[in-house]
Each structure stands twice: as structure tokens, then as C-alpha cells.
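Ready for a few exercises at the viewer? Open the structure, keep the sequence beside it, and try each task before reading its solution.

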Amino acid sequence: MKGVLTPVLRGLYRVKVHGRGNVPDRGPVILAANHRSFLDSLFMPLVIGRRVTFVAKAEYFDSKKTAWFFRGVGQIPIRREGGSASEGALTAATDVLEAGDVFAIYPEGTRTRDGYTHRGHTGVARLALRTGAPIIPVGLVGTDECQPIDRKLPRLFRRVDVRFGAPIAPQRYVDDPEGLALRQLTDEVMFEIVQLCGSYEYRDTYATKRAEDLPTEPARVAALTPAA
């Protein structure tokens with residue numbers, strides 16, 4: 001599927017990549033990105049040579065019309081019905097990383113509805129601390145111009161920037177006597193994402209009350225200074 005989509009998307013959009021060398025050629029890694037468009041899950045895997053796995057709503061796999069596509073782009077079906085679904089997502093992500101592969105996650109939990117970048121849910125930190133995998137912050141710029149959230153069909157020939165930041169190692173958060181590691185690591189990841197995006201304003205509120213992909217554990221919330 002990637003071999004088919006790559007030349008098509010590169011022909012229809014002007015895709016610029018920054019910091020691709022920050023993504024290792026092998027070994028487990030978590031890609032943590034802002035989320036502005038359905039197309040984010042296509043453009044991010046497009047620009048690196050490794051297979052990227054996401055979790056997605058199981059409803060996408062219920063129809064034969066869409067199931068082939070989501071399986072082809074490396075998505076894992078998860079039914080989002082309470083805590084068992086959250087643990088299932090975490091288990092699936094852990095399996096991907098323990099196999100030495102790439103797992104991608106949107107810490108905001110859902111696509112932004114108001115154009116701002118929002119506070120991250122702590123599932124990304126929980127996953128990194130469980131597996132020891134480094135987190136690569138990713139700034140996606142312009143994907144919402146290609147397909148705004150209220151538009152069914154994409155706009156063509158727009159520019160998209162995919163910006164990979166330096167790896168964040170979770171190991172320094174392991175010895176945390178105050179139990180704030182999940183929140184602190186998540187805030188560091190979101191700070192780096194905001195810096196990579198540049199022009200998108202940050203709001204220290206959740207885009208959704210509940211993370212859609214990985215479970216969120218209770219933690220104190222630290223304020224994050226918006227990028228200039």
C-alpha cells in the first residue's frame with residue numbers, strides 16, 4: 001500500500017521533510033505528532049522508509065469498503081468501549097515496539113476542531129516508560145489545508161511540512177518519587193511538538209475529555225508556555 005500511495009501523494013502535494021535523520025533506521029520508536037487532519041496518518045508514514053503502525057477505530061474495519069485500506073496503511077483496530085479498550089490499545093502498541101517497529105500516536109487524542117494545538121494525554125508517556133522506546137516529536141504543518149475537518153474530499157496541490165524533532169529518552173523519568181513522570185514527560189513532548197509547528201498556537205486545555213488511543217492515568221497538570 002505504501003508503495004502505491006507514496007508516488008501518488010508526492011505527485012498531488014508538495015511535501016517538505018525536516019529532521020528525517022532523527023528517526024532511527026532500526027529499533028523501537030514512538031512518533032508523537034499534532035493532529036489536524038485525517039491525512040496526517042498518510043503523510044507521516046510517507047516520508048520515512050519504515051512501516052508505521054497506528055491504532056484506529058474498529059468501526060473502520062467493519063466495512064469491506066474501508067477495511068482493506070486501513071489494514072494496508074498499517075492500522076490496528078481497537079474498539080473504544082471503556083478501560084478494556086484502552087488497555088487493548090496499550091497492549092497492541094507495546095507489541096509493535098517490542099518487535100522493534102515504529103508506533104505513531106497523537107497525544108492530543110483527536111483532531112483539533114478549533115485550530116489550536118492542545119494539551120497532551122499521558123498515554124504516550126505511559127507507553128514510553130513501559131517499553132523504554134524513545135519518543136520522536138513530530139510537527140505536521142499544512143495538513144488541515146489539504147483536508148479541513150469539515151471537508152469530505154481533500155484539496156490538491158497544497159504544501160505539507162513534516163518536521164521530526166530530536167529523540168526524547170524516557171529513562172530519566174523512571175526514578176520519580178513524586179509520581180509526576182507521566183505528566184512531565186507528556187508536557188515535554190507537547191512542548192517540542194509546539195516548537196516544531198511554529199505558527200500554531202497552543203492552548204493548555206484538552207481537545208477531548210478522554211484520549212482516543214491510549215489510556216490516560218491521573219496526574220497533576222503542569223502549564224506549558226506557548227511557542228513565540
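The exercises below go from the sheet to the cores, then to a helix and two single residues, all in a predicted model.

**Exercise 1. Trace the sheet and find the strands at its edges.**

Step 1. Start with the strand order: the open sheet has 7 strands, running β1-β8-β7-β2-β5-β3-β4, with mixed pairing.

Step 2. Look at the ends of that order. β1 (14-18) and β4 (75-78) each have a single partner strand, so one side of each has no neighbour in the sheet.

Step 3. Follow the twist, which averages 25° from one strand to the next.

Step 4. Zoom in on one pair. Strands β3 (residues 52-57) and β5 (residues 102-105) run parallel and are joined by 2 bridges; valine 52 has valine 102 in β5 as its bridge partner.

Step 5. Add a helix to the picture: α6 (residues 123-131) lies across β2 (29-33), β5 and β7 (135-141), and runs at about 170° to β2.

**Exercise 2. Which residues of the largest nonpolar core touch the most other members?**

Step 1. As background, nonpolar side chains tend to be buried together in soluble globular proteins.

Step 2. The largest nonpolar core here holds 32 residues, and those touching the most other members are Leu31, Phe43, Met44, Val138, Val162 and Phe164.

Step 3. Now ask where the core comes from. Two or more residues each are given by β2, α2 (40-46), β3, α4 (64-72), β5, β7 and β8 (159-164), and α2 gives the largest share, 4 residues.

Step 4. Select phenylalanine 43. Beyond residues up to four places away in sequence, phenylalanine 43 touches Tyr13, Val15, Thr143, Cys146, Val160 and Val162.

Step 5. Another core, of 28 residues, lies apart from this one; Ala89, Val124, Ala128 and Leu182 are among its members.

**Exercise 3. Check the span of helix α8 (residues 181-197), then decide whether α8 is mostly covered or not.**

Step 1. At 1.5 Å a residue, the 17 residues of α8 should span 24 Å.

Step 2. The end C-alpha atoms of α8 are 24 Å apart, so the span agrees with expectation.

Step 3. For the cover, count the buried residues: 12 of the 17 are buried, and α8 is therefore mostly covered, given that buried means under 20% relative accessible area.

Step 4. The buried residues include Leu182, Leu185, Val189 and Ile193, along with Arg183 and Asp187. Their cover includes β2, β6 (117-118), α6, β7, β8 and β9 (202-203).

Step 5. Move just past the helix, where glycine 198 takes a positive phi of about 80°. Just after α4, glycine 74 also takes a positive phi, of about 85°.

**Exercise 4. Are serine 41 and histidine 35 buried or exposed?**

Step 1. Place them: serine 41 lies in helix α2, and histidine 35 in the loop between β2 and α2.

Step 2. Serine 41 has 12% relative accessibility and so counts as buried; histidine 35, at 10%, counts as buried too.

Step 3. Find the polar contacts. The side chain of serine 41 makes one with the side chain of tyrosine 106 (2.8 Å), and the side chain of histidine 35 makes one with that of aspartate 40 (2.8 Å).

Step 4. Setting aside neighbours within four places in sequence, serine 41 is in contact with Phe54, Gln75 and Tyr106, while the contacts of histidine 35 include Tyr106, Glu108 and Arg111.

Notes. Residues numbered from 1 in each chain as written. Predicted model: local features only at pLDDT ≥ 70, side-chain atom pairs only at ≥ 80, totals over all residues. Heavy atoms only, no water. Pairing = 2+ DSSP bridges. Axes fitted to C-alpha atoms, helices over the stretch in contact; angles between N-to-C directions. Contact = heavy atoms within 4.5 Å. Core = buried A, V, L, I, M, F, W, Y, C linked by side-chain atoms within 4.5 Å. Buried < 20%, exposed > 50% of the residue type's maximum accessible area, 1.4 Å probe, protein only. Expected span 1.5 Å × (residues − 1). Polar contact = N/O pair within 3.5 Å; in protein donor to acceptor, adjacent residues only side chain to side chain.
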